[in-house]
Amino acid sequence: MGIGLDGDEGVDCTGALLVPGFIDCHTHVCFGPAGVDALQLPRSARTLSAVPVLRTLLRLGVTTVRDAWGADAGVRLAIENGWIEGPELLLSLRQVGTTGAIGDVWAPRTGALEFYGDPSLPDPIFDGADAGRAVVRRMVQAGADWIKVTASGSMALGIGVHDVHLTYDELAAVVDEAHRRGGRRVMVHAHGARAAELAARAGAASVEHGTYLDEAAVAAMADCGTWYVPTLSVTQSDPEHGPDGAPEAHRESMRLAIEAGVRIAMGTDGPVRPHSEVLRELSHLAAAGLGEAGAFRAATIDAARLLGLAEDRGEIAVGKRADLVVLDGATLDCAAMEERLRQVFHNGVEVVR
């Protein structure tokens, strides 16, 4: 690709925009078939449902993903061995949290419910700093690349979005233990401002969602170098059916973060919205204040920087891997990206679309 290059084959990019492969820093590839009660399915169905999801993401030009919990090390192994096709997969295994947090599923009639119990997906519940270190050790033992922590309630469940579900000492212990284990880092689910501020002060690498940030939260994130993965698709793709005020609050959080100089990377939180809509996140990022060039950066080089992969991908440069997307039309317009896709290359091999 280019002028005067000596290679095995040429690719005509006339009238096209050539960009690096996209990176989704927050998705869930193993959440099972949409709309199906997980209790009615064999456990294997949840894992096997990742096969079409991963294929869809790759064919849409997403060449790297950070799974925000649900996939185990076997899914990564299947991709690496070529048993299934998909983007390169970074794992967090389970979202870890304290008793009563959103990872601790409980119902009045049945008590504790274990949707994801499996030796390859260890127990994620902990209380206290020492137990926080132990939960990191369990996840690393099972193959986690990242540690995912829940610091607030769930907007999807409609509970406790402004709550803070763990203490500074607990989260700081998790962050420290993750770093001690091969320099791993921590991503924190935090809708509310206080949970996001806690995540930043405790040393987390990224705040996920951040729907209700305020000036104090973004100041802490900027001061501590904490990344923001806003997953705007959750509130912006279908704003009429979301929680009251959430779409507006999310856009305001973006404004505050941009003004404070917080670094932003793309994540979608699929399948809250279908994985087939992954590229619409760029439009949301652009509209929320990043602009089109900023949205492309958030989905490529900035996402690679967050994930610690910028030496290898995220831009088109000599010596970096050939994860490439060819888009019809030499414009940065983020609208209708799916319709512009001409070709996708992953590790230098064209993806059959």
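Which loop does Asp-104 lie in? Keep that in mind while you zoom out, because this is a predicted model and a view of the whole is a good place to start.

**The whole chain**

Show the cartoon for the full protein: there are twelve helices and 14 strands to find. The radius of gyration is 20 Å, close to the 20 Å that the globule rule gives for 353 residues, so the protein is as compact as a globular protein of that length. Along the principal axes, the C-alpha atoms fill a box of roughly 65 × 45 × 40 Å. Switch on a surface and you are looking at about 15,100 Å² of accessible area, with 51% of that belonging to carbon and sulfur atoms. Of the 353 residues, 53% are buried. Among contacts between residues at least 6 apart in sequence, 67% join residues at least 24 apart.

**Stop 1: Asp-104**

Now select Asp-104, in the loop between strand 5 (95-96) and strand 6 (106-107). With a relative accessible area of 25%, Asp-104 is partly exposed. Leaving aside neighbours within four places in sequence, the contacts of Asp-104 are Thr-98, Thr-99 and Ile-125. Try a distance from here to Thr-63: the two residues are 41 apart in sequence, and their C-alpha atoms are 32 Å apart.

**Stop 2: Ser-253**

Next, pick Ser-253 in helix 9 (residues 246-260). Is Ser-253 buried or exposed? At 0% relative accessibility, Ser-253 counts as buried. Select Gly-210 as well: it sits 43 residues away along the chain, with 7.1 Å between the two C-alpha atoms. Not counting residues up to four places away in sequence, Ser-253 touches Gly-210, Thr-211, Tyr-212, Leu-213 and Tyr-228.

**Stop 3: the aromatic pairs**

How many aromatic pairs does a search of the whole structure find? There are two. Show Phe-22 and Phe-296 as sticks: the ring centres are 6.2 Å apart and the planes meet at 45°, so this pair is tilted. Phe-22 belongs to strand 2 (residues 22-27) and Phe-296 to helix 10 (residues 280-298), so the pair ties together parts that are 274 residues apart in sequence. Both partners are buried, Phe-22 at 0% relative accessibility and Phe-296 with a relative accessible area of 6%.

Move on to Phe-31 and Trp-69, whose ring centres are 5.1 Å apart with planes at 70°, so the pair is edge-to-face. Here the link runs between two loops: Phe-31 is in the one between strand 2 and helix 1 (43-48), while Trp-69 is in the one between strand 3 (62-67) and helix 3 (73-80), 38 residues away. Phe-31 is partly exposed, at 31% relative accessible area, whereas Trp-69 is buried at 14%.

Stay on Trp-69 and look at the backbone: phi is positive, about 135°, although this residue is not a glycine. Most residues other than glycine have a negative phi.

For one more ring, select Arg-66 and Trp-146. Arg-66 lies over the face of Trp-146, at 4.5 Å from the ring centre.

**Stop 4: helices 2 and 3**

Colour the buried residues of helix 2 (50-59): these are Ala-50, Val-53, Leu-54, Leu-57 and Leu-58. Look down the helix axis and they fall within an arc of 130°, so they line one face of helix 2. Their cover includes helix 1, strand 3, helix 3 and strand 13 (341-346). Just after helix 2 comes Gly-61, with a positive phi near 90°.

In helix 3, select Val-75, Arg-76, Ala-78 and Ile-79, which are buried. They span an arc of only 160° around the axis, which puts them on the same side of helix 3. Among the elements covering them are helix 1, helix 2 and strand 4 (88-90).

**Stop 5: the loop between helix 9 and helix 10**

Finish at Asp-269, in the loop between helix 9 and helix 10. Asp-269 has a positive phi of about 60° although it is not a glycine, and at 9% relative accessibility it counts as buried. Pro-271 lies in this loop too. Which peptide bond is cis? The bond from Gly-270 to Pro-271 is, with omega near 10°. Most peptide bonds are trans.

Conventions
Residues are numbered from 1 along each chain as its sequence is written. This is a predicted model: local features need pLDDT of at least 70, side-chain atom pairs count only at pLDDT 80 or more; totals for chains, interfaces and linings use all residues. Side-chain values use heavy atoms; hydrogens and water are left out. Rings of Phe, Tyr and Trp (its six-membered ring) pair if their centres lie within 6.5 Å; planes under 30 degrees apart count as stacked, over 60 as edge-to-face and the rest as tilted. Helices (H or I, at least four residues) and strands (E, at least two) are DSSP runs, numbered from the N terminus. Buried means under 20% relative accessible area, exposed over 50%, partly exposed in between (1.4 Å probe, protein chains only). A charge sits over a ring if NZ of Lys or CZ of Arg is within 6 Å of the ring centre and within 35 degrees of the ring normal. The radius of gyration is taken over C-alpha atoms; the globule rule is 2.2 Å times the number of residues to the power 0.38. Contact means heavy atoms within 4.5 Å. Accessible areas come from the Shrake-Rupley method with a 1.4 Å probe; for residues, only the protein chains shown count as cover. The arc is that of the directions from the helix axis to the C-beta atoms.
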